[in-house]
Amino acid sequence: MKTSPVLTLLLVCAALGGCSKDATDGTQFGALDRLPEPSGGLLPSMTIAEPAAWAGTVPSAPEGFTVSAIATDLLVPRQTLVLPNGDILVAEGKGGGAPVLTPKDYIAGFIKAKGTTKAKSGDRLTLLRDADGDGTYEGRWVFAEGLNAPYGLALIGSQLFVANQDALVRFDYQAGQTRASAAPVTVTLLPSAVNHHWTKALTASADGRHLYVGIGSNSNVGERGLEIEESRAMVWEVDAQTGATRPYATGLRNPTALAIEPRLKQLWAVVNERDELGPDLVPDYLTSVRERAFYGWPYAYWGQNVDPRVRPQDEAKVKMTVRPDYALQSHSAPLGVAFAASSSADSRFAEGAFVGLHGSWNRSVPVGYKVIFVPFRDGRPSGPPVDFLTGFQRDGKTMGRPVGVTVDPRGAVIVADDLSNTVWRVAPAR
């Protein structure tokens, strides 16, 4: 009997005792002062809960909120944008396509594929409308199609910006329209060779002059060579009118979502950190993004902790590394961030950031798979996170995986779920 390559390597891993074991209970949040020692083996722990249908159930929210599915049967919804008239745009698609270099890459791809949707990439924007304001989005149109794995969305005046996996593009937009009036105009090309991390996060500056684009690395820790990392693992600043670009902050392995904190008007990001140092390293994080700051990748992590795998090392880069503001559980995979609306009627969620945690694949005990709320005070994180939307896993099954989060003017939180291909609305009870 022939044994598959996947099974063969897993058996070798087990025989050698080479798979790493989880050490913590998934409470690795906040301003961490100490980290565990690196650990690992031939392979990291890899666990994906089997996907299952919601079957009439919905995720769970705190008391005082109701949860409803406002759109289903989408084609890989990733990020959303609430327009001034209350319409919601949904970016649908998936990209990437990095070549498999090692047996480990093959196994990781196999495991991760088990926990993703079977739907094809939509490569489009869908518009949802609740015409009478009753919370039911009865209107649904394809606003634009033929895009290339769209992800980040931003609106500045009458210009709608979309970050495809290969370019930042622009549409003219008028309130109420349900279909783009013309093909998109390219603002600037974005790095797309290999595209190991293909998502391009996007937000606009508070004054509307600039756009910020999050661009992930092409590897875990530079193992493909640093030449292919040119202009990656950073946040770009883009002039909204001319398309001129410059690095705004660097050393961010995979900044998957960006938002402007409303009190101080500071740019913030959630970042997916590196793998294969153990189930409890390296913490993913939420951080303010400081102009010209360096956040460590690939040379250091969580401040000036040297990554011993990187050769050659760069001591000067390590010394200039900025420690992030707020740790999120290692491997929880944050893919969404949005700040609370100032008009929120619920004081528990009046100031802070909602973070969508897509969920781990490389731990024996899964973490993430929920939306959390990080409380802020005076524009800074001020305490432990609060579970906001949970129940995405049950009885060893996974019904959904949160991605983008957005807050509408009525205080409802819009959550894209790219496993069940649903957009959820979590609204304060009235």
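Me: What is the volume of the second largest pocket?
Reply: Happy to start there. This is a predicted model, and 37 residues line the pocket in question. The volume computed for the second largest pocket is about 990 Å³.

Me: How do the residues of that lining divide into nonpolar, polar and charged?
Reply: Let's go through the lining by class. Leu-81, Thr-203, Ile-260, Thr-406 and Val-407 are the lining residues nearest the centre of the second largest pocket. Over the whole lining, the division is 26 nonpolar, nine polar and two charged.

Me: Which elements give two or more residues to the lining of the second largest pocket?
Reply: Good one to check against the structure above. The lining has 37 residues, and several strands contribute to it in this way. They are strand 3 (77-82), strand 7 (152-156), strand 11 (200-204), strand 15, strand 21 (334-339) and strand 28 (402-407).

Me: Is strand 15 mostly covered or mostly exposed?
Reply: Strand 15 spans 255-260 and supplies at least two residues of the largest nonpolar core. Buried here means under 20% relative accessible area. Six of the six residues in strand 15 are buried, so by that cut-off the strand is mostly covered.

Me: What is the bridge partner of Ala-257 in strand 16?
Reply: Strand 15 and strand 16 run antiparallel to each other and pair over five bridges. Their hairpin has six residues between the strands, and Lys-265 takes a positive phi near 60 degrees there. Across the pairing, the partner of Ala-257 is Val-270.

Me: Which strand gives the most to the largest nonpolar core?
Reply: The core has 28 residues, and among those touching the most other members are Val-235, Tyr-248 and Leu-267. Strand 14 (245-250), strand 15 (255-260) and strand 16 (267-271) each supply at least two residues. With three residues, the one giving the most is strand 16.

Me: How many residues are in the second, separate core?
Reply: This core stands apart from the one just described. Its members include Phe-354, Trp-361, Leu-389 and Val-413. The count is 24 residues.

Me: Why is one side of strand 1 and of strand 26 left without a neighbour in the sheet?
Reply: These strands belong to an open sheet of three strands with mixed pairing and the order 1-27-26. Strand 26 (393-394) is joined to strand 27 (residues 397-398) by two bridges in the antiparallel sense, and Arg-394 has Lys-397 as its bridge partner. Strand 1 (50-51) and strand 26 each lack a neighbour on one side because they stand at the edges, each with a single partner strand.

Methods:
Residues numbered from 1 in each chain as written. Predicted model: local features only at pLDDT ≥ 70, side-chain atom pairs only at ≥ 80, totals over all residues. Heavy atoms only, no water. Core = buried A, V, L, I, M, F, W, Y, C linked by side-chain atoms within 4.5 Å. Buried < 20%, exposed > 50% of the residue type's maximum accessible area, 1.4 Å probe, protein only. Helix = DSSP H or I, 4+ residues; strand = E, 2+ residues; numbered from the N terminus. 1 Å grid on protein atoms, 1.4 Å probe; cavity = no way out; pocket = protein on both sides within 12 Å on 5 of 7 lines; lining within 4 Å. Points joined across faces, edges and corners; volume = space filled by probe spheres on them. Nonpolar A, V, L, I, M, F, W, Y, C, P; charged D, E, K, R; others polar. Pairing = 2+ DSSP bridges.
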